[in-house]
Amino acid sequence: MRQSQLFTKARREAPADEVSKNAQMLVRAGYVHKEMAGVYSYLPLGLRTLNKIVGIIREEMNAIGGQELVMSELQDPAIWKATDRWDQDVWFKTSLKIGGEIGFGWTQEEAITRIASQHVSSYRDLPFAAYQIQTKFRNEERAKSGIMRGREFLMKDLYSFHATQEDLDAFYERAKEAYSRVFSRVGIGEKTFVTFASGGAFSKYSHEFQTVSSAGEDTIYVSREKGIAINNEVLNDEVLADLGIERDQLEEQTAIEVGNIFKLGTRFSEPLCLSYKDESGVAKPVVMGCYGIGPTRLMGTIVELLADDKGLVWPDAIAPFNYHLVSLGKAGDEVSKVADALYTDITGKGIEVLYDDRDARAGEKFAESDLLGMPYRIVVGKDAVATGMFEVVERATGVVEKKSHDELMFDLRSRT
RNA sequence: CGGGGCGUAGUAUACCGGUAGUACGUCUGCUUUGGGAGCAGAUAGACCGAGUUCGAUUCUCGGCGCCCCGACCA
């Protein structure tokens, strides 16, 4: 895409009312726009990254057999009353003109359970897993930390349905592995730990995926040796014994919860009458699990971890564009002709490139390029025209390489 | 929800009980062109309401909004 056509503009200064690094950077770079406290719009560059994150999550959910659907945002109070969750204070509620309340979905166990009850009747219908990637609304008493804790945010919620606890347990492990793959693929794998947290009525533990960052809200205790962590809310001798960890091996860290998986058991299937007939014709409640990742929070977390003092730094897998082609020419001159030709060559290969074809000074272009954070910058200046060698700069490391047109084309091909 | 702070051009900020200045941006012209250029000109602003006052952007109260700390976060 030609940057001259991009309607969003980068800003020199961060907005005064944003303190969090993720919001400051993303607003400055024109990735997001704040509508109100805790409510953000995703602009073209931001949406490209968000969609790539979502794409990775979708691939991993599909890989473990998840079936994608979209449930309604508007929620029927009846099913939430059945599970005794209509009175929670996280709800945004409104009323119908003809009378009666409805709510905006903040999670969707009730809805998916009722849907499942229309389609499951036999043990032969189980197991299965269904997920959606959808906006959630939570009436947070205090929105904070930029896009990481909003009142409106994107969520991937997967729900699994099983005949037995054993089957749930097995799927749960597969989901846990899929989650780890998601966090590795988006570039925060080394700092993200499977974290033991409170389990509720149907299992001893749930698992959170906690990314170590000073921007986090949770305190966890990391065992580097085991590669796991314990949420401070459940840290006690019994947990340490279960996990075979000595207390003095633990490292206290602040972390961001980027995912959570949870065994629900029959918490929802019983009140909502989701049952199946077993081999002997006996009706039994379906055993469920749920698995959440907030792609928008994940995006904020990635910014918190990877951005530097010059701006955003995106891993290849989720950058809006893989390359930032920066021309130092003026419209019509030799430099911009070479840059135009290179842009045509790159896009012709189906490679995503943001082309800074604007008539601006080099310093401004470089500073803005650093801010936008594409993984690689290709610079076309007088040098390139004279020598035929293009400068390729890796954003994360600042490492500069000179490449000929052919080398560059080969590199582009091998990278995808 | 408890506590604290803050609302001034598009953005970031300054001063002031007598209608507001700077920088960046934007627009025009000239010069410049490898790390946020220079000169000249132009553009554009006091969150809303009430009160005090001869006069309020400034002081007081209320509302709305934003941020931070805490609580909360199936």
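**A five-stranded sheet and the nonpolar core**

In this predicted model, helix α9 (residues 362-372) lies across β17, β18 and β19 and runs at about 170° to β17. Helices (H or I, at least four residues) and strands (E, at least two) are DSSP runs numbered from the N terminus. Angles, from 0 to 180 degrees, are taken between the N-to-C directions of axes fitted to C-alpha atoms, for helices over the stretch in contact; contact requires C-beta atoms, placed from the backbone, within 7 Å. Helix α8 (residues 334-348) also lies across β17 (323-327), β18 and β19, at about 160° to β17. Local features need pLDDT of at least 70 and side-chain atom pairs count only at pLDDT 80 or more, whereas totals for chains, interfaces and linings use all residues. Residues are numbered from 1 along each chain as its sequence is written, with chains lettered from A and ligands numbered from 1 in the order in which they are written.

The sheet is open and mixed, with five strands ordered β18-β17-β19-β20-β21; strands pair if DSSP finds at least two bridges between them. At its edges, β18 (353-356) and β21 (400-404) each pair on one side only. The strand-to-strand twist averages 25°. Strands β19 (residues 376-380) and β20 (residues 389-394) are antiparallel and joined by four bridges, with Ile 378 partnered by Val 392 in β20.

The largest nonpolar core (buried Ala, Val, Leu, Ile, Met, Phe, Trp, Tyr and Cys residues joined through C-beta atoms within 7 Å; buried denotes 20 or more other C-beta atoms within 10 Å) has 101 residues. Helix α5 (residues 165-185) gives the most to this core, with eight residues. Leu 26, Ile 53, Val 186, Leu 325 and Val 380 have the most contacts inside the core. Beyond its neighbours within four places in sequence, Ile 53 contacts Val 186, Pro 295, Leu 298, Met 299 and Ile 318.

How values were computed. Contact = placed C-beta atoms within 7 Å. Buried ≥ 20, exposed ≤ 12 C-beta atoms within 10 Å, placed from the backbone.
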